[in-house]
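Student: Could you take me through one part of this structure in detail? I'd like a close look at the empty space inside and what surrounds it.

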Amino acid sequence: MPRTIPTLGRLALIAVASTQATGLAFAAGPEQHGLPQQAVEIGRPLGFPVTNSMVVTWIVALALIVFARAATRDMKSVPGSAQNFFEWLIESLYSFLEGIIGPHLVKRTFWFFATIFIFILSANWFGLIPAVGTIGWGHSTAAGFKIDKPLFRGANADLNLTLAMALVFFALWIVWALREVGPVGFAKEIFAPKGETTGALKILLAVVFFAVGCLEVVSILFRPVSLSFRLYGNTFAGENMLETMATLVPGLGWLLPIPFYFLELLVGLVQALVFMLLTSVFTLLICQHEEPLAAASQSES
């Protein structure tokens, strides 16, 4: 039967996690403390595996959709509290991104960057609710009741989700780059030599920049991995740190994690910003020369 325990977090920092496409159930074996590396399968309706991190993802996504619909359903010239907050959030994000990637790119890409920031931030903060990770199925031990299959798990503490978001960005990055500069421009941006040179120096630079372009291709291919592990690692480590504090001193499990909760609120915001900024800068680097060319053509005319 589902039971709750009066703990506010998850346990012990773990740096390496394995990716399982369906989040297989936590295997039996030596007793493991803290948050398991894999999302736990809690059900299989119609043969479809459902993990505890998927449940949190759906809850957060549904809550954001309901809030957006409620805030924009009846738009008024004098906005209410929900509409006012929603407009402030969108306008602030738009102005912030416009200052980074420019007015041209922000019109095409804002929908993704704003969505990914709001979703990551909401999922990170939802994972700090005390019920996440502390309600589920388990067994009694000498130290108390231990949760084996938590009903909820922080969405971004599952590598499947962070890797999926990184891969979606990678696909969109390719589409945006091809739309902005075309296949030839895309290849030139990576492999072509930069600057004006002639003679033997131009040939030498062409060889050097081609070698640099090969390294750049490797770097581009690793971007989804770095993006996904950065977000996953910080979220997973934070949740484990909270449980460490909650179980460090018996009798003070309700008090010690409180300062770290404020730290995790800040970390959740920073990680959402980092993911959005890195993806937007990656996009700018491949598309940034489009606007100067357009401006030069306008000045010549």
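**A look inside**

Tutor: Of the chain's 301 residues, 37% count as buried (buried means under 20% relative accessible area, exposed over 50%, partly exposed in between, with a 1.4 Å probe and protein chains only). Before we go in, remember that this is a predicted model, where local features need pLDDT of at least 70 and side-chain atom pairs count only at pLDDT 80 or more, while totals for chains, interfaces and linings use all residues. Residues are numbered from 1 along each chain as its sequence is written, and side-chain values use heavy atoms, with hydrogens and water left out.

Here's the overall layout. The chain has six helices and five strands, in the order β-β-β-α-α-β-β-α-α-α-α from the N terminus. Helices (H or I, at least four residues) and strands (E, at least two) are DSSP runs, numbered from the N terminus.

Now for the empty space. Rolling a probe the size of a water molecule over the atoms shows where empty space is left. On a 1 Å grid over the protein atoms alone, a cavity is a set of points where a 1.4 Å probe fits but cannot get out, and lining residues have an atom within 4 Å of a point. Grid points are joined across faces, edges and corners, and a volume is the space filled by probe spheres set on the points. Counted this way, there are two cavities of 30 Å³ or more, and the largest has a volume of about 90 Å³.

Who lines that largest cavity? The residues are N124, G127, L128, T235, E239, E264, V267, G268 and Q271. Both α4 (199-248) and α5 (257-287) supply at least two residues each, with α5 giving the largest share, four residues. By class, the lining has two nonpolar, five polar and two charged residues. For that tally, Ala, Val, Leu, Ile, Met, Phe, Trp, Tyr, Cys and Pro count as nonpolar, Asp, Glu, Lys and Arg as charged, and the others, Gly among them, as polar.

Let's follow N124 from the lining to a partner. Its side chain is joined to that of N156 by a polar contact of 2.8 Å (a pair of N or O atoms within 3.5 Å; within protein, one must be able to donate a hydrogen and the other to accept it, and residues adjacent in sequence count only if both atoms are side-chain atoms). N156 sits in the loop between β5 (144-150) and α3, and N156 is buried, at 0% relative accessible area. Leaving out residues up to four places away in sequence, N156 touches I120, A123, N124, L161, T162, M165, L231, Y232 and T235, where contact means heavy atoms within 4.5 Å.

Some of those names turn up again in the nonpolar cores. A nonpolar core is a set of buried Ala, Val, Leu, Ile, Met, Phe, Trp, Tyr and Cys residues joined through side-chain atoms within 4.5 Å. The largest one has 45 residues, and L93, F113, I120, M165 and F169 touch the most other members. Two or more residues come from each of α1 (52-72), α2 (81-126), α3 (159-191), α4 and α5, and α2 gives the most, 17 residues. A second, separate core of five residues includes L35, A157, Y232 and F236.

Technical notes: On a 1 Å grid over the protein atoms alone, a cavity is a set of points where a 1.4 Å probe fits but cannot get out, and a pocket is an open set with protein on both sides within 12 Å along at least five of seven lines; lining residues have an atom within 4 Å of a point.
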